[in-house]
Amino acid sequence: MKKITWLIPTVYIVFLMMPIYWLVNMSFKTTNEILGSFTLWPNNFTVENYVTIFTDPTWFMGYVNSLTYVTINTIISLLVALPAAYAFSRYRFLGDKHLFFWLLTNRMAPPAVFALPFFQLYSAIGLFDTHIAVALSHCLFNIPLAVWILEGFMSGVPKELDETAYIDGYSFPQFFFKIFIPAIAAGIGVAAFFCFMFSWVELLLAKTLTAVDVKPIAATMTRTVSTAGYELGLLSAAGTLTIVPGAFVIYFVRNYIAKGFALGRL
Amino acid sequence: MSLEFHELSKQVYDEVHIAHTDLSLNPGVFNVLLGPTLSGKTSLMRLMAGLDQPSTGSVWFKGQNVTGIAVQRRNLAMVYQQFINFPNMSVFENIASPLRIQKLSESQLRPRVEKGAELLKLTPYMHRKPNELSGGQQQRTALARALVKGADLVLLDEPLVNLDYKLREELREELPRLFADTGATVVYATTEPHEALLMGGYTATMREGRVTQYGPTHEVFRKPHDLATAKAFSDPPLNILNLKRTAQGFEGEQGLSLKLPPFQNVPVDEYILGFRPHHLQIQGNAKDILELSGEVTVTEITGSESFIHLKWAEHDWVAHTQGVMHLPPGEKLELYVSASNCLLFDDQEQLVPAQV
């Protein structure tokens with residue numbers, strides 16, 4: 001019995017970590033080693049792939065572009081979702097429950113459905129190949145999610161807290177920024193995390209709505225063949241670096257997410 | 001008069017929360033709002049605070065019509081049944097919050113907050129966040145905030161309900177004293193009649209969205225104007241017996257005879273007799289007007305006293321007696337009600353004054 005208690009988590013973690021290990025493993029190999037032989041760890045250890053990424057603008061600008069539109073998107077999503085979620089959690093109005101559900105159904109459509117309309121619209125109004133174009137298109141998926149998460153957290157705050165603040169003499173803006181926002185800080189963290197993650201991993205819209213100037217890392221990374229032939233080592237290094245921001249964000253919000261689960265919203 | 005309602009009513013969709021109510025509370029005293037759950041205590045308080053707007057009628061405070069005036073601009077404080085504090089602020093900041101908004105300087109604010117904290121025994125916890133406090137301490141923080149604000153009107157909506165018994169008893173004693181010095185008009189909502197009696201001051205009884213009576217607590221208790229007030233002010237519930245007037249005197253249900261002299265000046269033939277549980281005696285007395293034999297259903301014993309639940313005809317009654325009584329269910333028990341302890345109501349459920 002005692003053996004099994006460490007065995008099962010170990011097996012679980014090994015399975016989970018396997019693809020990530022293989023990615024990291026490949027990123028320290030040369031393309032020749034990857035294609036030529038099966039090795040469990042790099043025989044000719046090299047950081048050449050990483051050096052290329054950090055020195056070649058076509059590579060590192062991919063990260064800059066991605067981080068830019070992801071950040072813009074997260075900010076827009078939260079700015080829009082906060083008042084919306086407040087309204088849903090605090091007021092009853094005609095059709096509020098239907099509207100709330102309809103907002104969520106936006107997430108049911110695959111991004112591919114919206115690729116063409118977005119592409120045509122943005123081309124027509126001159127937004128094509130800009131950061132804001134990708135950020136806005138991702139809002140379609142992230143705002144409903146953020147509203148839904150935030151509404152859960154806000155409904156966990158009794159409305160008597162609002163009233164107590166008003167009785168104390170707080171105006172609505174004072175209450176909202178000094179008391180309410182800190183009270184749901186965990187929810188904002190969780191919502192930001194999900195917006196960030198969706199926007200960071202979303203490939204199709206990001207690829208469709210950009211060409212040269214703001215090409216995201218996901219697009220750069222998925223062109224498997226370049227003029228230099230297969231560059232598997234380089235692509236692996238890019239993939240490894242793509243995981244890093246997500247891992248960071250997860251590390252910082254892990255406690256909040258647990259709280260979100262406790263509230264039954266995630 | 002400090003706080004007045006004129007023809008106040010509140011309706012939410014089809015539901016009447018407050019029916020036409022006229023009331024004026026005495027200034028600077030401790031007022032208890034007594035009524036069972038759903039009787040409209042909280043609704044009335046929210047109207048007092050201006051958190052809700054009345055459907056009709058007006059609210060006056062210190063001679064001014066404050067209906068429709070924003071909560072922020074009224075000088076009041078409120079403590080809820082739930083423990084409501086600002087989660088991101090320390091106890092000190094929580095208590096100081098209304099004073100900060102009034103833009104008091106640190107040197108003016110600090111002594112007031114510290115005094116309030118001391119009165120509510122919060123001094124050792126000033127730097128803690130509300131979620132690091134026990135329930136009692138959290139509610140003390142909320143009470144301290146209401147206390148230091150120096151509000152003209154303090155609304156306490158069943159603030160002690162969620163506390164354990166010991167704490168509740170302790171705070172119940174302190175509360176009227178704490179607010180007595182502030183000169184504020186305090187309104188304290190509760191469902192428990194004995195709490196109203198302990199708090200003293202004035203009591204307004206509520207039933208089904210109406211204030212049935214307002215006056216000094218003991219007066220309301222001893223001379224309820226109507227059946228609703230008597231019911232609201234009785235725990236365990238008031239025992240009730242229907243009476244008919246006959247040529248010989250009064251007759252209860254099932255031909256029960258009462259030694260109540262007939263009186264002719266009131267032109268009503270049907271009456272309701274009410275008597276409180278501790279007036280339903282198990283020992284006879286010369287002044288008794290009623291003797292009957294009830295059947296025991298349950299006996300609750302709380303150390304030094306017993307609550308005997310009885311059945312008589314269609315009625316469920318409770319007799320509250322001193323001492324421990326072991327009575328098996330089904331046992332017949334002789335019961336007596338004395339004349340001075342009866343409340344007689346007419347068919348409109350109004351008290352018939354001094355009939356005996």
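Two strands count as paired if DSSP finds at least two bridges between them, and with that cut-off in mind the tour of this predicted model can begin at a sheet in chain B.

**The sheet of chain B**

Select strands E2, E1, E4 and E5 of chain B, which form an open sheet in the order E2-E1-E4-E5 with antiparallel pairing. Strand E2 (15-25) and strand E5 (64-65) of chain B are the edge strands, and because each has a single partner strand, one side of each is left without a neighbour in the sheet. Now narrow the selection to strand E1 (residues 3-12) of chain B together with E2(B), a pair that runs in the antiparallel sense over seven bridges. Within this part of the model, show Gln11(B), which has Val16(B) of E2(B) standing opposite.

**Chain B as a whole**

Widen the view to the full chain B, whose secondary structure comes to eight helices and 20 strands. The C-alpha trace of chain B spans about 75 × 45 × 35 Å along its principal axes, and 39% of the 356 residues of chain B count as buried. Among the contacts in chain B with a separation of 6 or more, 66% are between residues 24 or more positions apart. Colouring by domain is a useful next step here: the domain assignment gives domain 1 (3-226) and domain 2 (239-346) of chain B, and the C-alpha centres of these two domains of chain B lie 38 Å apart.

**Where the chains meet**

Next select the residues of chain B that are in contact with chain A: there are 17 of them, and they touch 14 residues of chain A. Strand E6 (76-79) and helix H2 (91-101) of chain B each give at least two residues to the side of chain B that touches chain A. Which classes of residue make up that side of chain B? The side of chain B that touches chain A has twelve nonpolar and five polar residues, and no charged ones.

**The largest nonpolar core**

Nonpolar side chains tend to be buried together in soluble globular proteins. In this model the largest nonpolar core has 144 residues, and the members that touch the most others are Leu150(A), Ala191(A), Met48(B), Val154(B), Leu155(B) and Val187(B). Helix H7 (residues 131-155) of chain A supplies the largest share of this core, 13 residues. Centre the view on Leu155(B), which touches Met45(B), Met48(B), Ala49(B), Leu76(B), Met78(B) and Val187(B), leaving aside residues up to four places away in sequence.

**Chain A: a helix and two domains**

Move to chain A and select helix H10 (residues 185-201), whose 17 residues reach 24 Å from the first C-alpha to the last, close to the 24 Å expected at 1.5 Å a residue. Is H10(A) mostly covered or mostly uncovered? H10(A) is mostly covered, with 13 of its 17 residues buried.

Finally, colour chain A by its two domains, domain 1 (1-46) and domain 2 (56-262), whose C-alpha centres lie 32 Å apart. Nine residues of domain 1 of chain A are in contact with eight residues of domain 2 of chain A. On the side of domain 1 of chain A that touches domain 2 of chain A, helix H1 (2-27) and helix H2 (31-36) of chain A are the elements that give two or more residues, and H1(A) provides the largest share, four residues. By class, that side of domain 1 of chain A has five nonpolar, three polar and one charged residues.

Definitions and conventions:
Residues numbered from 1 in each chain as written. Chains lettered and ligands numbered in written order. Predicted model: local features only at pLDDT ≥ 70, side-chain atom pairs only at ≥ 80, totals over all residues. Domains from an automatic or database assignment. Contact = placed C-beta atoms within 7 Å. Nonpolar A, V, L, I, M, F, W, Y, C, P; charged D, E, K, R; others polar. Buried ≥ 20, exposed ≤ 12 C-beta atoms within 10 Å, placed from the backbone. Expected span 1.5 Å × (residues − 1). Core = buried A, V, L, I, M, F, W, Y, C linked by C-beta atoms within 7 Å.
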